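Trainee: I should be grateful for a close look at a single helix and its surroundings.

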Amino acid sequence: MFDYQHGRRCGLRALQERFPALRPVPLAELERKHDEQLKADYPRLLDGSLSVEESRLRRIRSLCQLYRLALDEREALQASHLYESHYQANRRPVPGALSLLKHLRGKVATAIVTNGHSVRQREKIAVCELEPLVDAVVISEEVGIVKPDSRIFMEALRRLQRVASEALFIGDSWESDILGAHSCG
């Protein structure tokens, strides 16, 4: 429901504008490299052994180093803040998400099941104006279960008072979302 790609692209474009060494790199390549680092850090983000800020700083430093852009600590921190400010300013729902949820409202029960830190996830949901359009929000930090564990999907079903055979799950991660939801039926 949340258009992470759009915010990320805006943050990466800001880095390209700030650092000439990144300008010739295709945005799709920067996204791919950024995503690789995020995936590598994600388990540590979820278990709390790495903060969101530390992870972002690691991703920005790693990305810059790949393209022979050496940043000292101050420059890396500034680059991280630049990326984050553009990412935050460009948060939005996936195109069509609001109209779909409005259409479904009152016809079927809907829930958001998401991994991450509660404050950050709830903020995204609020910015995107999704909460009034869903019947339940299940956040991994709040329930102590992380996707793809089937129990987080079962918790959503419990809150919706539904069984798995009555549910359809839509997600953007094959492993965390699709396989996780499939594992509980």
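Mentor: What follows concerns helix α6 and its partners. The model is predicted, so local features need pLDDT of at least 70 and side-chain atom pairs pLDDT 80 or more, while totals for chains, interfaces and linings use all residues. Residues are numbered from 1 along each chain as its sequence is written, and side-chain values use heavy atoms, with hydrogens and water left out.

Helix α6 covers residues 118–127; helices (H or I, at least four residues) and strands (E, at least two) are DSSP runs, numbered from the N terminus. Within α6, the buried residues (under 20% relative accessible area, 1.4 Å probe, protein chains only) are Ser-118, Gln-121, Lys-124 and Ile-125. Viewed down the axis of α6, these residues fall within an arc of 135°, so they line one face of the helix; the arc is that of the directions from the helix axis to the C-beta atoms. An α-helix has 3.6 residues a turn, so residues three or four places apart point the same way.

The cover over the buried residues of α6 includes α4, β1 (111–114), β2 and α7 (140–143). The axes of α4 (residues 73–89) and α6 come within 12 Å and cross at roughly 45°; axes are lines fitted to C-alpha atoms, for helices over the stretch in contact, and angles run from 0 to 180 degrees between N-to-C directions. Helix α4 is therefore oblique to α6, a term for angles that are not under 35 degrees, over 145 or from 65 to 115. Contact (heavy atoms within 4.5 Å) is made by Glu-84, Tyr-87 and Gln-88 of α4 and by Arg-120, Glu-123 and Lys-124 of α6. After α6 comes Glu-129, with a positive phi near 60°.

How values were computed: Buried means under 20% relative accessible area, exposed over 50%, partly exposed in between (1.4 Å probe, protein chains only).
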